[in-house]
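Trainee: Could you walk me through this one? I'd like to go question by question.

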Amino acid sequence: MKVIEHIEKSSNPLFSFEIVPPPRGRTIQAVTDVVKTLLPYNPAWIDVTAHPAGAYYNEKSDGSIERKIYKKRPGTIGICGVIQNRFKVDTVTHLLTQGFTKEETEDALIELNYLGIHNVLALRGDGLNYNKKYDNKRQRNHYAIDLVEQISDVKKGIYMDEINESLPMDFCVGVAGYPEKHFEAPNMKLDIQRLKEKVNAGADYVVTQMFFKNNKYFEFVDSCKDAGIDCPIVPGIKVIKNLKQFRSVPSHFYVDFPDEFVEEAHENPDHVEEIGIRWAIKQGEELLNANVPSLHFYVMNDAKSVSQVVKKLFK
Ligand code: FAD
């Protein structure tokens, strides 16, 4: 079932969560363990993140450029296929513009269609990527909106090349939204305008970046409505587990922590995990009371804390 159908049809509060493919060469077990931990609480759907390879470039003394790959995490589509078919839970495949050509994206969509996966989150992606040398004739998407447009075309049966007997494929498309503004956007107004363009191009729903102050989400939803965005906006939640994250999370995701959360955690460094769980439950309760479409948890690969939160919220 599509994400948008889950949201529209359910009379109960919903939750989803997001996991990351394991590092190269590992088995899928770490991922299936996470799924098994959260399965008893009935997630409506599960997202699997996507990652272009990361590379360093060093200029050598002879002027040539040496490329060193330092990160590779393929496997998003395969993992979605395994989860959806083994556990019978709908999956959402993250697709990126960065690091992929339009041809590769089209092939990925065809593969998803064969696997019966009809949900994708269309994203640009971040930071260093593979920077492969693209043949000029190969086309690339730049912003997430370009990807949404490509998927909207495929939904109408419009592919990159005209080939007989090509049929339309059906996808539900999510896009990212930022209650505290995307870090590159000059201001909130323009960022929301960009989000509206993604929705107008065919996105069915929005999932937000993680936030720790609910008022940021509520203000964002109001501003989106004022701008004419009327699709569901699913709030993203991260459960904090250790003190280190109070530095790493803002530097990666450009979000702000509430004073009382920071103070309580720093005054009780041995109890950060339980304080984080308590904070996420409080955030989740307030959001559910405000009738949000669903809660989306950034689990990555450790479901222990999140399972405590969903146990309390969705028991
Ligand atoms: P876009 O919508 O393209 O926006 C990027 C920036 O460009 C914004 O500042 C926007 O205002 C601006 N912009 C948009 N359109 C235009 C235009 N036409 N002209 C000028 N400026 C424009 N990253 C991963 O690598 N893998 C993942 O799996 C992943 N999953 C994510 C899941 C969620 C729910 C979220 C919120 C983020 C995720 N990210 C992931 C991170 C995401 O890729 C980054 O935040 C990235 O920097 C922006 O992606 P986007 O899709 O929002 O980009």
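Trainee: Is Lys 156 buried or exposed?
Mentor: Go by the relative accessible area: under 20% is buried, over 50% is exposed, and anything in between is partly exposed (1.4 Å probe, protein chains only). Lys 156 comes out at 58%, so Lys 156 is exposed.

Trainee: What pLDDT do side-chain atom pairs need before they count?
Mentor: Residues are numbered from 1 along each chain as its sequence is written, and side-chain values use heavy atoms, leaving out hydrogens and water. This is a predicted model: totals for chains, interfaces and linings use all residues, local features need pLDDT of at least 70, and side-chain atom pairs count only at pLDDT 80 or more.

Trainee: Which residue does Lys 156 meet in a salt bridge?
Mentor: Side chains of opposite charge can pair when their charged atoms come close. A salt bridge here is a side-chain nitrogen of Lys or Arg within 4 Å of a carboxyl oxygen of Asp or Glu. The partner is partly exposed at 29% relative accessibility. At 3.9 Å, N to O, Lys 156 meets Asp 153.

Trainee: How many salt bridges does the structure hold?
Mentor: Besides that pair, another one joins the side chains of Lys 241 and Asp 302 at 2.6 Å, N to O. The full count of salt bridges in the structure is nine.

Trainee: How many residues apart are Lys 241 and Asp 302?
Mentor: Their salt bridge spans 2.6 Å, N to O. Lys 241 sits in the loop between β9 (233-237) and α8 (245-253), and Asp 302 in the loop between β10 (295-298) and α11 (304-313). Helices (H or I, at least four residues) and strands (E, at least two) are DSSP runs, numbered from the N terminus. So the bridge links distant parts of the chain, and the gap in residues is 61.

Trainee: Which helix holds Glu 264, the partner of Arg 278?
Mentor: Arg 278 and Glu 264 form a salt bridge with their closest N and O atoms 3.0 Å apart. Arg 278 lies in helix α10 (residues 272-289), so the pair ties together parts 14 residues apart in sequence, with Glu 264 in helix α9.

Trainee: Are Arg 278 and Glu 264 buried, exposed or partly exposed?
Mentor: Arg 278 has 45% relative accessibility, while Glu 264 has 26%. That puts Arg 278 in the partly exposed class, and Glu 264 also counts as partly exposed.

Trainee: How many disulfides are there?
Mentor: A disulfide is a pair of cysteine sulfur atoms within 2.5 Å. Cys 231 misses out because its sulfur is 8.0 Å from the closest cysteine sulfur, in Cys 224, too far for a bond. By this rule the number of disulfides is zero.

Trainee: Is Cys 231 buried or exposed?
Mentor: Compare Cys 172, which is buried with a relative accessible area of 0%. Cys 231 has a relative accessible area of 12%, so Cys 231 is buried.

Trainee: How far apart in space are Ile 19 and Asp 153?
Mentor: Ile 19 is in strand β1 (residues 15-19) and is buried, with a relative accessible area of 0%. Asp 153 is partly exposed at 29% relative accessibility. The two are 134 residues apart in sequence, and their C-alpha to C-alpha distance is 28 Å.
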